[in-house]
Amino acid sequence: MATRVLQSSLSGLYRAAHTGRAKGRASALIRFDLRGLSASNNRSREDSWFKSLFVRKVDPRKDAHSHLLAKKEDNNLYKIQFHNVKPDCLEAYNKLCDEVLPSIHADSCYPCELVGTWNTWYGEQDQAVHLWRYRGGYPALTEVMNKLKNNQDFLEYRKERGKMLLSRRNQLLLEFSFWNEPVPRDGPNIYELRSYQLRPGTMIEWGNYWARAISYRQHNREAVGGFFSQIGNLYMVHHLWAYKDLQSREDTRNAAWQHDGWDEVVYYTVPLIQQMESRIMIPLKASPLQ
């Protein structure tokens, strides 16, 4: 804009000189232009400085958040599956899973383990949830998938399963370093899967708060596992809890508020959440988590 002002004024100077107007007029125009240009440049610098006050400074990251939050001593990868079953097929579906999934879990040729398998009791109805662990990360997952392509029992299972499903989806997960690794437990228990869709860019902040908060939720052995997504819905967190029954769940959750610091964790983590969901689940017979 300063350039346009200068050009306009010089044009006026040129016309003044050729119409015989006084040289003082031309000199005044030049001085006006220089002052206008200087003032414009100063305003631009001031605007730039003012705007910089509101620009968020980004600190350089040295590593991906998955490396900062996941366990270092192992290389476990998890897969969680959500199968929406036709209502009239749920019983047959459960029977099929109880027959086939334990054989894969028990076969040492497959570097994978069935962590747990459930039906949703409260939440999305007629749904099955399966959680698998692959010891060895992505190479172990690839090895299992390749071997299952030649497993006739599994191929027949998938064929029959497909007739019973309305839809299915899955996610690949890593486990938070500060959570317990899920291990088999005796029942009877009910399980709660709490799923949080976080705002992008907030996973590190979430992990920092929950690294402290998990100590408030260990007193009744209710903490089973904590995971965050790598493939599928991103910035998704899953917390898995075990309780004796719904009243035990209520009592345990209320007791957390008696610990100093729990209210602070809730206060600072709730704004990080875009959406959240709770499922109460009942384990199938084949589930190592009973």
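Which helix gives the largest share of the lining of the largest pocket? In this predicted model, that share, five residues, comes from H6, and the pocket is a convenient place to begin.

The space that lies in the largest pocket amounts to about 380 Å³. The lining consists of 23 residues, and those closest to the centre of the pocket are Lys79, Gln81, Met145, Phe154 and Arg161. Two or more lining residues are given by each of several elements, namely the strands E1 (76-85), E3 (127-135) and E4 (165-175) together with the helices H4 (90-106), H5 (138-148) and H6 (152-162). By chemical character, the lining of this pocket divides into 13 nonpolar, four polar and six charged residues.

Two of the helices that contribute to this lining, H4 and H6, also pack against each other. Two packed helices are described by the angle between their axes and the distance between the axes. For H4 and H6 the axes come within 11 Å and cross at roughly 160 degrees; since angles over 145 degrees count as roughly antiparallel, the two helices are therefore roughly antiparallel to each other. The crossing of H4 and H6 is left-handed. On the H4 side the contact is made by Tyr93, Leu96, Cys97, Val100, Leu101 and Ile104, which meet Phe154, Tyr157, Glu160 and Arg161 in H6. The residues of this contact divide into eight nonpolar, no polar and two charged. Phe154 and Arg161 thus appear in two settings, as they take part in the contact of H6 with H4 and are also among the residues closest to the centre of the largest pocket.

A second helix pair lies further along the chain, where H7 (residues 203-213) and H9 (residues 262-269) have axes that come within 10 Å and cross at roughly 160 degrees. H7 and H9 are therefore roughly antiparallel to each other, and their crossing is left-handed. In this contact Trp206, Tyr209, Trp210, Arg212 and Ala213 of H7 meet Trp262, Glu264, Val265, Tyr268 and Thr269 of H9, and the residues involved divide into seven nonpolar, one polar and two charged.

From the open pocket and the helix contacts we turn to enclosed space. Rolling a probe the size of a water molecule over the atoms shows where empty space is left. The structure holds one cavity of 30 Å³ or more, and the largest cavity has a volume of about 30 Å³. Ile80, Trp118, Leu131, Leu193, Phe227 and Leu240 line this cavity, and its lining divides into six nonpolar, no polar and no charged residues.

Two details of the backbone remain, and each of them is placed in a loop between strands. The peptide bond that runs from glycine 187 to proline 188 is cis, with an omega near 5 degrees, and proline 188 is found in the loop between E4 and strand E5 (190-198). Aspartate 126, although it is not a glycine, has a positive phi of about 55 degrees, and its place is in the loop between strand E2 (112-122) and E3. The strands E3 and E4, which border these loops, are also among the elements that give two or more residues to the lining of the largest pocket.

Technical notes: Residues numbered from 1 in each chain as written. Predicted model: local features only at pLDDT ≥ 70, side-chain atom pairs only at ≥ 80, totals over all residues. Heavy atoms only, no water. Axes fitted to C-alpha atoms, helices over the stretch in contact; angles between N-to-C directions. Helix = DSSP H or I, 4+ residues; strand = E, 2+ residues; numbered from the N terminus. Parallel < 35°, antiparallel > 145°, perpendicular 65-115°, else oblique. Left-handed = near helix turned anticlockwise from the far one by under 90°. Contact = heavy atoms within 4.5 Å. Nonpolar A, V, L, I, M, F, W, Y, C, P; charged D, E, K, R; others polar. 1 Å grid on protein atoms, 1.4 Å probe; cavity = no way out; pocket = protein on both sides within 12 Å on 5 of 7 lines; lining within 4 Å. Points joined across faces, edges and corners; volume = space filled by probe spheres on them.
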